[in-house]
Amino acid sequence: MNDHFYGWYFRCQGKEGSIAVIPAVYISAKKQSCSIQVITEAGSWNKVFPIRQFRISRDKGIMQIGENVFSKKGIRLNLEAGELRISGILRFGQFAEPKYDIMGLFRYIPGMECRHAVYSMRHSVTGELRVNGELLRFQDGKGYMEGDRGSSFPEQYAWTQHFLGDGSLMIAAATVPLGRMCFTGTVGILYHKEREYRFATYLGASVQKIGNGELFIRQGKYSLRVRFPRQTGNVLRAPQNGKMTRKIRESVSCRAEYTLLCGDRIVFRTVTDKAAFEYETKEEENEDISDRSREDKREIFKRCYHRIW
């Protein structure tokens with residue numbers, strides 16, 4: 001049996017605060033289990049369940065772990081995890097789905113340790129959750145949903161998501177091992193006024209910098225620079241060879257600065273204290289990585305096109 005994991009990520013933001021919920025299943029040769037992780041501005045919690053309490057219908061887009069239900073229509077929580085007590089129902093509006101798979105051509109490459117999916121860049125959230133006795137209401141709230149599957153999270157990566165006035169932004173960069181090769185790839189979407197602007201390695205984007213509180217990506221005449229706080233956020237469990245043995249950091253509401261340039265012209269710049277960030281980087285290795293990975297990326301593209309055509 002191959003070690004692997006499969007999970008969904010829900011982020012909900014309202015006037016009273018933000019929350020992220022991650023239901024997932026983990027399968028290894030020695031153990032099978034499922035879990036629910038909850039992240040708020042106050043902390044993070046993880047609850048492990050026996051595999052017999054896991055149910056999923058991918059066709060209908062419904063996952064159930066114990067009494068907790070997750071779908072594209074909303075989530076229902078009734079959970080106790082350590083010091084956490086959370087219950088309630090959130091309902092989602094129509095999803096703003098990407099035009100096509102966020103992985104693009106990379107979805108055809110065999111042996112990738114992690115495959116990413118984006119289900120909704122933005123949707124409405126209504127309802128309320130009771131978290132440790134306090135009521136967290138979502139009226140005209142905003143939501144985002146994505147997912148991951150594979151064997152392990154990337155060794156080095158940075159991910160961020162932020163709701164704009166009438167849109168949403170998600171960008172991620174990570175080291176991608178494929179056999180003896182390794183390159184740094186990126187995927188991301190700027191959803192603005194019901195239009196999609198995509199950044200991706202398979203579209204020619206290159207990661208110029210990742211780490212030291214900065215993510216810098218170039219694609220053609222456009223550049224996207226993200227500055228984020230270092231060593232912040234709550235500790236989360238992450239998969240390593242199908243097991244939840246790794247620790248990473250995520251903040252559901254932190255300060256960040258986003259700048260999109262076309263040449264030297266600033267297309268937009270925004271500073272917020274409500275950004276979501278998740279990361280694990282080796283700072284000393286990430287000053288400038290674009291030249292190192294160029295040859296690896298060319299070889300990957302050759303493999304990918306050969307497989308498709």
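Start with the surface of the protein chain: about 15,200 Å² is exposed, and carbon and sulfur atoms supply 45% of it. Accessible areas come from the Shrake-Rupley method with a 1.4 Å probe; for residues, only the protein chains shown count as cover. The model is predicted: local features need pLDDT of at least 70, side-chain atom pairs count only at pLDDT 80 or more, and totals for chains, interfaces and linings use all residues. Numbering runs from 1 along each chain as its sequence is written, and side-chain values use heavy atoms, with hydrogens and water left out.

Switch to cartoon. The protein chain has one helix and 21 strands (DSSP runs numbered from the N terminus: H or I of at least four residues for helices, E of at least two for strands).

Colour by burial. Of the 309 residues, 56% count as buried (under 20% relative accessible area; exposed is over 50%, partly exposed in between; 1.4 Å probe, protein chains only).

Select Ile19, Phe70 and Ile86. These have the most contacts inside the largest nonpolar core, which has 32 residues. Such a core joins buried Ala, Val, Leu, Ile, Met, Phe, Trp, Tyr and Cys residues through side-chain atoms within 4.5 Å.

Centre on Phe70. Not counting residues up to four places away in sequence, Phe70 touches ten-strong company including Trp8, Phe10, Ile36, Met63 and Leu77; contact means heavy atoms within 4.5 Å. Apart from the largest core lies another, of 27 residues, with Ile39, Val118, Met121 and Ile189 among them.

Finish on the cysteines. Cys182 is partly exposed at 39% relative accessible area. Cys254 is buried at 7%.
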